Amino acid sequence: MSRAKRSKTTKRQSSSRWVNKRPWLVALMLALVGGAGLIAYQHAASDTSRPPDSVRRANQLSFEPTIPNKDTSPAAGPQGMVWIPGGEFSMGAQNPPDMNEVGMKATLDSRPIHRVYVDGFFMDKTDVTNAEFETFVKATDYVTVAERKPRAEDYPGALPENLVAGSVVFAAPDHPVELDNHYQWWTYVPGANWRHPLGPNSNLEGKGGDPVVHIAYEDAQAYAKWAGKRLPTEAEWEFAARGGLAGKPYVWGDTFRPQGHWMANTHQGHFPDSDSGEDGYRGVAPVAQFPPNGYGLYDMAGNVWQWTSDWYRADYYQQLQAGGLARNPKGPDSSYDPAEPGHAKKVQRGGSFLCTDQYCSRYIVGTRGKGDVDTGTNHLGFRCVMTLQQWQTAQNNVTTPELAAK
């Protein structure tokens with residue numbers, strides 16, 4: 001699905017209201033609330049109250065131990081992937097350790113905690129990199145959503161000069177700002193795409209090992225299909241991210257900085273105007289710069305958000321919990337975001353280099369992001385999974401340059 005499939009109601013409202021105010025830009029920025037996946041619940045001055053104690057108690061179900069499958073892992077597997085055993089685990093987010101307001105909001109759509117079973121699978125050790133995505137593009141001549149010029153019929157009222165290809169880029173303001181308006185640090189940049197992550201004057205020189213960004217959902221799907229893989233379900237992603245641990249707030253354990261060590265690429269300094277780079281990076285970092293989790297997966301928290309195949313619904317966990325143990329859940333049949341009912345959104349996981357306890361604490365494992373399927377940003381990428389059957393089939397019938405090298 002491309003940008004053309006956005007809610008026509010939303011587009012009509014947008015075009016009539018903003019006909020003289022760069023309607024194409026505004027349309028994309030309206031999609032940003034979900035498309036960037038930065039926050040599922042904004043830390044707005046108008047909403048600073050915590051949920052009632054009764055609601056909080058009902059949502060604080062205990063985590064039970066993870067029960068991994070005991071069958072022996074495959075003797076061999078795809079290069080660059082690790083075997084995730086699957087099994088039964090408690091899915092969802094616990095209260096953040098310090099119970100701050102931002103952390104609480106990050107967990108509201110990740111309740112109640114519920115039991116899930118997933119089969120074993122292979123998962124990419126890292127997010128897909130620029131170099132890997134370039135191999136795919138050269139082999140297929142694929143053009144990403146951000147590189148395509150929007151069609152006038154899909155955005156009625158938009159001026160021709162505003163119908164230009166581009167994507168959404170984080171731009172830090174030069175002074176502190178209130179955190180109730182994300183337009184102050186996000187902007188639509190013509191010419192921004194995976195080849196030019198910060199705009200037309202940027203490039204990928206020396207960045208082959210960075211995660212590819214500005215990837216819309218259909219772009220990620222296209223790559224996965226070419227590679228003989230698929231995108232993970234939300235349940236598979238969380239089982240893998242936990243690395244065998246149960247109920248921990250972070251993919252590495254209980255403490256955000258164990259013994260003072262940085263464990264993920266997140267935002268330090270004052271958000272959004274100043275990133276001090278104390279963890280060694282301002283903006284996107286190359287993959288695998290921080291320790292892996294218990295399954296050998298890198299960057300399952302921070303750096304860039306990752307697409308999953310599940311449609312987003314804020315109430316989906318309630319549905320799962322009511323049905324008992326969920327086996328290999330694949331998400332709801334359709335998307336519904338109460339904040340933007342007309343937008344088709346998929347679940348995003350892991351947080352990004354912009355996550356901070358001042359505004360977005362979605363480096364907490366179990367928390368959820370969401371994004372319009374037709375929108376990418378410069379802090380959104382993906383990684384893939386592969387079933388044992390897919391791997392066995394690939395060994396007998398190699399069809400892509402990537403698999404041929406493995």
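The lining of the largest pocket in this predicted model comprises 13 nonpolar, 5 polar and 5 charged residues. The space within the largest pocket amounts to about 360 Å³, and of the 23 residues that line it, Leu198, Arg282, Gly283, Val284 and Phe353 are the closest to its centre.

At the level of the whole chain, the secondary structure consists of 10 helices and 13 strands. Of the 406 residues in the chain, 57% are buried. Contacts that span long stretches of sequence are frequent in the following sense: among those between residues at least 6 apart in sequence, 76% join residues at least 24 apart.

One sheet of the chain is open and has 4 strands, arranged in the order β11-β10-β8-β12 with mixed pairing. Its edge strands are β11, spanning residues 369-372, and β12, spanning residues 380-381, each of which pairs on one side only. Between them in the order, β8 (residues 305-311) pairs with β10 (residues 345-349) in the antiparallel sense, over 3 bridges, and in this pairing Trp307 of the model is found opposite Gln348 in β10. In general, the strands of a sheet pair through backbone hydrogen bonds, in either a parallel or an antiparallel sense.

Salt bridges number 18 in the structure. In one of them, Glu147 is joined to Arg195, with 3.2 Å between the closest N and O atoms. Glu147 belongs to the loop between α5 (130-140) and β6 (166-170), whereas Arg195 belongs to the loop between β7 (186-190) and α6 (217-226), and the pair therefore ties together parts that lie 48 residues apart in sequence. Glu147 is partly exposed, since its relative accessibility is 23%, and Arg195 is likewise partly exposed, with a relative accessible area of 34%.

A further salt bridge joins Asp315 to Arg313, the closest N and O atoms being 3.0 Å apart. Here the two partners fall into separate accessibility classes under the 20% cut-off for burial: Asp315 counts as partly exposed because its relative accessibility is 28%, whereas Arg313 counts as buried because its relative accessible area is 18%. In the salt bridge between the side chains of Lys345 and Glu340, the N to O distance is 2.6 Å, and both Lys345 and Glu340 are buried. Lys345 also falls within the residue range of β10 (345-349), the strand that pairs with β8. Beyond these pairs, a network of salt bridges links Glu234, Glu238, Arg242, Arg349 and Arg368; among these residues, Arg349 falls within the range given for β10.

Helix α6, which follows the loop that holds Arg195, is mostly covered, with 7 of its 10 residues buried. The buried residues in α6 are Tyr217, Glu218, Asp219, Ala220, Tyr223, Ala224 and Trp226. In an α-helix, residues three or four places apart point the same way, because there are 3.6 residues a turn. After α6 comes Gly228, which has a positive phi, near 75 degrees.

Conventions
Residues are numbered from 1 along each chain as its sequence is written. This is a predicted model: local features need pLDDT of at least 70, side-chain atom pairs count only at pLDDT 80 or more; totals for chains, interfaces and linings use all residues. Side-chain values use heavy atoms; hydrogens and water are left out. On a 1 Å grid over the protein atoms alone, a cavity is a set of points where a 1.4 Å probe fits but cannot get out, and a pocket is an open set with protein on both sides within 12 Å along at least five of seven lines; lining residues have an atom within 4 Å of a point. Grid points are joined across faces, edges and corners, and a volume is the space filled by probe spheres set on the points. Ala, Val, Leu, Ile, Met, Phe, Trp, Tyr, Cys and Pro count as nonpolar, Asp, Glu, Lys and Arg as charged, and the others, Gly among them, as polar. Two strands pair if DSSP finds at least two bridges between them. Helices (H or I, at least four residues) and strands (E, at least two) are DSSP runs, numbered from the N terminus. A salt bridge is a side-chain nitrogen of Lys or Arg within 4 Å of a carboxyl oxygen of Asp or Glu. Buried means under 20% relative accessible area, exposed over 50%, partly exposed in between (1.4 Å probe, protein chains only). Contact means heavy atoms within 4.5 Å.
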